[in-house]
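Here are my notes on this model, written as numbered points you can follow with the structure open beside you. Take them one at a time and find each residue as you go.

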Amino acid sequence: MSNEATNAAPLAAWLLTLVPLLWLGGAVLALGLRAAGSRWRCAGAVANSVLGVATLALAAVVLPALLVASPPESARAGLLVAGSLIIRADLVGAVMLLLVSFVGWVIVRYSRRYLAGDAGESRYVPPLLATLAAVSLVVVSNHLVLLALAWVATSLCLHRLLTFYDRRIAALIAAHKKFLASRAADLCLFTAVLLVGQGLGTYEIDRIAAQLAATPVLPAGLQVAAVLLALAAVLKCAQLPIHGWLIQVMEAPTPVSALLHAGIVNLGGFLLIRLAELIAAVPAAQALLVIAGATTAVLAGLVMTTRISIKVMLAWSTCAQMGFMLMQCGLGLPELAFVHLLAHSLYKAHAFLAAGGAVEQARIQQMAGAGRPVTLATSTFRAVCGAAAVAVAAWIWNVPLGDQPGLWLLALIASLALAPLFAFGSGRGLRDWLWPPVAALGVALIYMGVHEVAAATLALQTGGAAAGWVVALAAGAFLALFALQSVIAAQPGSRLARALYPWFYAGFYLDELFTRFSFRLWPVRLPPSPDSTGVSR
């Protein structure tokens, strides 16, 4: 390794370490300031500094890869403390840290205007900065114990933001359910960490892959640990039936809803990406992720079609997207899950912060007039185009179906999800019938191309494809979703649509059941008499 690359690795580690320290220092400093304006100025200065440091850290991580064509596999870059590598300087962590820093920078600026004049705006700043500090520490941690502690801190700091309006009963109930779900996830995570440390003799994430490779038959303890990690991710990512807190957390300030996408609600996915080697080695963990993720994505997708409130619809969309991300991890494609995490975080954070413009957009669409009605024939044609496009794209990218059936399935889902964009116009012209297969092929080519680039760049473990029956189950679930949505779109007034609508609108009554269970497990204390708007006087 060249001298430039050797010097760049420690620099990157120190820069990555500096980011959570800056957020934490800002939170402590804000606590010592009384005036809201002073706290906001402190938060703004910290956010600007963090964004600059995170950018430099990414550049310092990328630099060695550019200077050294084939760095030795034994090279370890990070911050060593007492002989252990506790901060890891790698591309995945650096990119994720820049995402968290950028979204945090935007949210700090937006929150100052959003909460201007609010009676409690000054107490909003410290937990906001502390939450970003905890998330950043999770992202850069290479030691499982440190990661688990930061994971818990993220939830506890976020709880203060979720209960910002402490007289809103709905907000308190949502935070209460989130608190219980998070504690269950914490228990799963800490138990898994203990089992991994005992089974592999190390808590360092970058050494786990090497230890797994030297262990041909995993002991029962490590298999249980993988299942517990998958369960912790399911609980953290608000999967059905414990999803209700994510929907009802819309009672919190809008910037908090956007903050959830800065590595909080998707933190379970990042954990699975970091420990992809262990998850890929345990089929039971993969099956749990695929079944839970596919079920949530399908049911949440159906419920989302009945929502009118923009923020609630976005929350249901997040629930479905988190399910899709977990399914990607379960199918043995962590690099696609990472790309999905980045894209969804940026898009959804922007969507929440720009939700106020949704009414204007709806008026524009209404004035533009409705498009051509969807029929079963056009939906069938789109499905056939999508399947054919995936086969052609797989042939071009040389992706055999037997080797990576999960990638074929995900590419098909991506094509079907974009089916409404395949314009048919009148359906009489040649162009109207040529565009759908061309667009489907473009989507499939791009999706598989992103996989190839991400796999080569991120160098994550992609082995251990899910069992064939698990892939078939996920495929059946999404094809059933596509068929049902096509039937309802073609015949919105049919008896089937009228019978299913109440179930979709009620979220299949799953949240009601979980709410009753959580209240029996640990009753929540509610304020005695909120005012008519639910806001404290």
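1. Let's start with A238, which sits in the loop between α8 (220-236) and α9 (244-248). Keep in mind that this is a predicted model. Is A238 buried or exposed? Its relative accessibility is 0%, so A238 counts as buried. Skip the neighbours within four places in sequence, and A238 is in contact with H243, W245, L246 and C319. Try one distance as well: A238 and T318 are 80 residues apart in sequence, yet C-alpha to C-alpha they are 9.0 Å apart in space.

2. Now zoom out to the whole protein chain. The secondary structure comes to 22 helices and two strands. Of the 537 residues in the chain, 52% are buried. If you take the contacts between residues at least 6 apart in sequence, 81% of them join residues at least 24 apart. The chain exposes about 23,500 Å², and carbon and sulfur atoms supply 66% of that area.

3. The two strands are worth a look. Strand β1 (residues 78-81) and strand β2 (residues 84-88) run antiparallel and are joined by four bridges. Which residue of β2 is the bridge partner of G78? That would be R88. Together β1 and β2 form a hairpin, with two residues between them. A82 is in the turn, and it has a positive phi of about 55°.

4. Next, the inside. In soluble globular proteins, nonpolar side chains tend to be buried together. Here the largest nonpolar core has 131 residues, and the ones with the most contacts inside it are L16, W23, M96, Y124 and L259. Helix α2 (residues 36-67) gives the most to this core, namely 12 residues. There is also a second, separate core of 39 residues, which includes F324, A393, A466 and A474.

5. Pick M96 and see what surrounds it. Leaving out neighbours within four places in sequence, M96 is in contact with V139, G263, F270, F338, L341 and L342. Follow the first of those names: V139 is found in helix α4 (residues 125-140). V139 has a relative accessible area of 0%, so it is buried. Not counting residues up to four places away in sequence, V139 touches G93, M96, L97, V100, F270 and R274. V139 and G263 are 124 residues apart in sequence, but their C-alpha atoms are 8.4 Å apart in space.

6. That contact with R274 leads us to the charged residues. Side chains of opposite charge can pair when their charged atoms come close. How many salt bridges does the model have? The count comes to five. R274 forms one of them with D90, with the closest N and O atoms 2.6 Å apart. This pair links distant parts of the chain: R274 is in helix α11 (residues 267-274), D90 is in the loop between β2 and α3 (91-114), and 184 residues separate them. Both R274 and D90 are buried. R88, which you met in the hairpin as the partner of G78, is linked with D90 and R274 in a network of salt bridges.

7. Two other salt bridges deserve a visit. In one, D511 pairs with K177, and the closest N and O atoms are 2.9 Å apart. D511 lies in helix α22 (residues 510-521) and K177 in helix α6, so the pair ties together parts that are 334 residues apart in sequence. D511 counts as buried at 10% relative accessibility, and K177 is buried at 0%. In the other, the side chains of R168 and E251 meet at 3.8 Å, N to O. R168 is in the loop between α5 (144-162) and α6 (169-200), E251 is in the loop between α9 and α10 (254-259), and the two are 83 residues apart. E251 has a relative accessible area of 30%, so this residue is partly exposed.

8. Last stop, the surface. Which residues form a nonpolar patch there? They are V392, W395, I396 and W397, with about 450 Å² of accessible area together. I396 has its place in helix α17 (residues 376-397). With a relative accessible area of 46%, I396 is partly exposed.

Methods. Residues numbered from 1 in each chain as written. Predicted model: local features only at pLDDT ≥ 70, side-chain atom pairs only at ≥ 80, totals over all residues. Heavy atoms only, no water. Patch = residues over 30% accessible without salt bridge, like charges linked within 9 Å, V, L, I, M, F, W, Y side chains within 5 Å. Areas by Shrake-Rupley, 256 points an atom, 1.4 Å probe, with all protein chains shown as cover. Salt bridge = Lys/Arg side-chain N within 4 Å of Asp/Glu carboxyl O. Buried < 20%, exposed > 50% of the residue type's maximum accessible area, 1.4 Å probe, protein only. Contact = heavy atoms within 4.5 Å. Pairing = 2+ DSSP bridges. Core = buried A, V, L, I, M, F, W, Y, C linked by side-chain atoms within 4.5 Å.
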